Amino acid sequence: MGSLVVPPAGVYRRSGIHDPALRRGYEACRRATRATGEIEYAVSLLLPPPLRTAIWALYGAVRAVDDLADAPGAAEETGPGRAGRLEAWISAFDADLRDGRGSDPVRQALIHTMLTWNLPPGFLHTLFEELRQDVHGRQFATWQEWRRYNSLINTPLVLRAGSLLLRVAGLSAEPEAIAASVPDLAIAWQTTVDAVYLTDALVDLSDDLDRGHVPLPQEALDEAGVHRADLLTRRATPAFDELVRRLTDRARTWLDHAPLPPVLHPAVAVALGAYADLYRLRLQAAANAPAALLHRRPALPRNARLRLLLPVRTKAALAWALFPFPIQPGPPPHPSPTDALDAPDSPDSPRRAEQACVPAVEQHAATLPPPHPSGARPPQLPPEAMPRHVAIVMDGNGRWATARGLPRTDGHRAGIDALIDVVHGALEIGLKHLTVYAFSTENWKRPADELQALLYEIPQAMSRMVDQSLDVRLRWAGVRSRLPADVVEQLLQDERATRDRTGLTLTLCVNYGGRAEITAAAAKLAQEAVAGRIAPSSVSEHTFARYLHVPELPDVDLLLRTGGDQRTSNFLPWQATYAELLFLDTPWPEVDRRTLWDAIAEYARRTRRYGSVPRIPTQPALPSGHGAPTP
Ligand code: IPE
Ligand code: IPE
Ligand code: MG
């Protein structure tokens, strides 16, 4: 029962949030939630620490952004006014997300939560896009318009928070996917969100009027006979009382017609029940003193609130004690990037969270990479412009050698020197993940001398390089089948030896095929389903990714191929769906770290939209470069 009354420091500890800067971010989110979302805060206290902190981060961060867009009196601001502040926040968020860390405390907490729970960023982008437009105020003519806006903008955020709760019940599918297969549930969710937003529109009315906004559909005003001008001048009329009566009735009906999903964990059901009841109380407070809504936000009546919450707290604590919280997230890969070595042991736990259970202790003194012989230094890029994960198809060795009258194997050996230099350059520029395609499942078609060079010499060279105490963690992605046992042994040994290094994660794709990786994941999932350990209806992208060769490999930001061909040849199809692609004519043996740096600079100039709409850039364009082969 004690879990519901833990002070914040204990909550963070039990959520695996140890970094002081990160805690500050969560604290800011907690305070914002408490100050602006009394009900959400009260309900968060009914949840175990990891869920509680996640709710604070989502709610608090969105409120922080909302405040930027809504800052009172900012409508007339120009230049670095509210639109500019909002834009800067969103750009920084995109960059932070790419980088896996936050450059301000609130963003840091939000991104930590998104990584810990593997939340896709799409719902935030939709929300941000609307906030941009809200800067100019928004009017709704009809209820239909008002509800549509809600379903597009507010529902995805609420559903995302809801999906965290559903995961406790073992449902890890995306809420939209659940909704698609259970239409009744989708309607119930939508109706709840509408009730919550209508209630909040009423209780926040005076704030909105301060900014000259009327957050209600014109249709509702017309039905009650309220004139917009009266509202804006805060005239309390009988028509306004009538409006409040109609709106509170409507919201109450919506709340009453939104049944809870039947599959919930009992404690989650208690929390959601309390959420609806607290909203009923808020509606009651609004209905009791309609005219006051024109001037201030009504407080929840203290006694009624306590009467409601006291038994609920006991019930929730009891339910958590009887059915303990099944998930134990730890810190995500950033700012202490320690990826788990092994596949997750419980299919219910968040992928990101688990990898962090490996201690982040750096046990060796890392040496610096040798400088490039030309003296070249990496470009200075703002951290938010850096890709987090670069993947490379190192192609063109054979043609490079043939063009020089050399055997193709010489091309592969020259390619190893190129790879070593690129790894040094990746360390110098501070890249976190580099994944290279060393041998594909299709490459078995090659002659024996090439197989020898590719299969033995690349892993051996990488092994020697990491022996030199560079801060490189080696991973292997691929399948054992057909691989010589000593190669497998060496790859596994290198993984073990470097598992505590935190600088660059270098993933060698050896005997790797993208379709094979996806097929193997599907087969393992099917096995789990047949064994009754996972429900097919609960399989989400998030669940699926946990069965890939290296489950914690982040999405590829930049996929580079040398050698002149423009194809991906079965490389990382799952991870690279949203990667920026860059094809260079340079054959791989002619590449060095400067090619990587140029490619990263080119990446930094690109605009990633993830299906959203283009934005006006907030920063002057980065210096242009050619992004083409260097030497
Ligand atoms: C890539 O170079 C080497 C690997 C398969 C790792 P190639 O050997 O494919 O060179 P080209 O494409 O024939 O020039
Ligand atoms: C891709 O290069 C594989 C690696 C670099 C390991 P390939 O040379 O094998 O690809 P294709 O044959 O051009 O598609
Ligand atoms: Mg090739």
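## Strand pairing, helix packing and a buried arginine

Leu-560 has Leu-582 of β6 as its bridge partner. In this predicted model, a second bridge of β6 joins Phe-583 to Arg-561. Strand β5, residues 558–561, pairs with β6 in the parallel sense, over four bridges. In general terms, the strands of a sheet pair through backbone hydrogen bonds, either parallel or antiparallel.

The wider sheet is open and has six strands, arranged in the order β3-β4-β2-β1-β5-β6 with parallel pairing. Its edges are formed by β3 (472–477) and β6 (580–583), each of which pairs on one side only. On average, and ignoring direction, neighbouring strands of the sheet are turned by 20° against each other.

Which residues of β6 lie on the covered face, and which on the uncovered one? Glu-580 and Leu-582 make up the covered face, whereas Leu-581 and Phe-583 make up the uncovered face. As a general rule, side chains in a regular strand alternate between the two faces of the sheet.

The loop between β5 and β6 contains Ser-569, and Asn-570 is found in that loop as well. Ser-569 is not a glycine, yet its phi is positive, at about 50°. Asn-570, also a residue other than glycine, has a positive phi near 70°. Most residues other than glycine have a negative phi.

The table gives the relative accessibility of these two loop residues and of Arg-593, which is described further below.

| Residue | Relative accessibility | Class |
|---|---|---|
| Ser-569 | 30% | partly exposed |
| Asn-570 | 21% | partly exposed |
| Arg-593 | 1% | buried |

Arg-593 belongs to helix α24, which covers residues 593–605. Because buried means under 20% relative accessible area, Arg-593, at 1%, counts as buried. Leaving aside residues up to four places away in sequence, Arg-593 touches Pro-370, Pro-371, His-372, Asp-421, Val-422, His-424, Gly-425 and Glu-428. Of these partners, His-424 is 169 residues from Arg-593 in sequence, while the C-alpha atoms of the pair are 7.0 Å apart in space.

Two further helices pack against each other. Such a pair is described by the angle between the axes and the distance between them. The axes of α10 (residues 183–203) and α15 (residues 266–288) come within 10 Å and cross at roughly 35°. The crossing of α10 with α15 is left-handed. On the α10 side the contact involves Val-196, Thr-199, Asp-200 and Val-203, which meet Tyr-275, Tyr-279, Arg-282, Leu-283 and Ala-286 of α15. By class, this contact has six nonpolar residues, one polar residue and two charged residues.

How far apart are the end C-alpha atoms of helix α16? They are 30 Å apart. The 21 residues of α16 (residues 302–322) should span 30 Å at 1.5 Å a residue, so the model agrees with the expected span. The buried residues of α16 are Ala-304, Arg-305, Leu-308, Leu-309, Val-312, Ala-316, Ala-317, Ala-319 and Trp-320. An α-helix has 3.6 residues a turn, so residues three or four places apart point the same way.

Terms used: Residues are numbered from 1 along each chain as its sequence is written. Chains are lettered from A and ligands numbered from 1 in the order in which they are written. This is a predicted model: local features need pLDDT of at least 70, side-chain atom pairs count only at pLDDT 80 or more; totals for chains, interfaces and linings use all residues. Side-chain values use heavy atoms; hydrogens and water are left out. Axes are lines fitted to C-alpha atoms, for helices over the stretch in contact, and angles run from 0 to 180 degrees between N-to-C directions. Helices (H or I, at least four residues) and strands (E, at least two) are DSSP runs, numbered from the N terminus. A crossing is left-handed if the near helix is turned anticlockwise from the far one by less than a right angle, and right-handed if clockwise. Contact means heavy atoms within 4.5 Å. Ala, Val, Leu, Ile, Met, Phe, Trp, Tyr, Cys and Pro count as nonpolar, Asp, Glu, Lys and Arg as charged, and the others, Gly among them, as polar. The expected span of a helix is 1.5 Å times one less than its number of residues. Buried means under 20% relative accessible area, exposed over 50%, partly exposed in between (1.4 Å probe, protein chains only). Two strands pair if DSSP finds at least two bridges between them.
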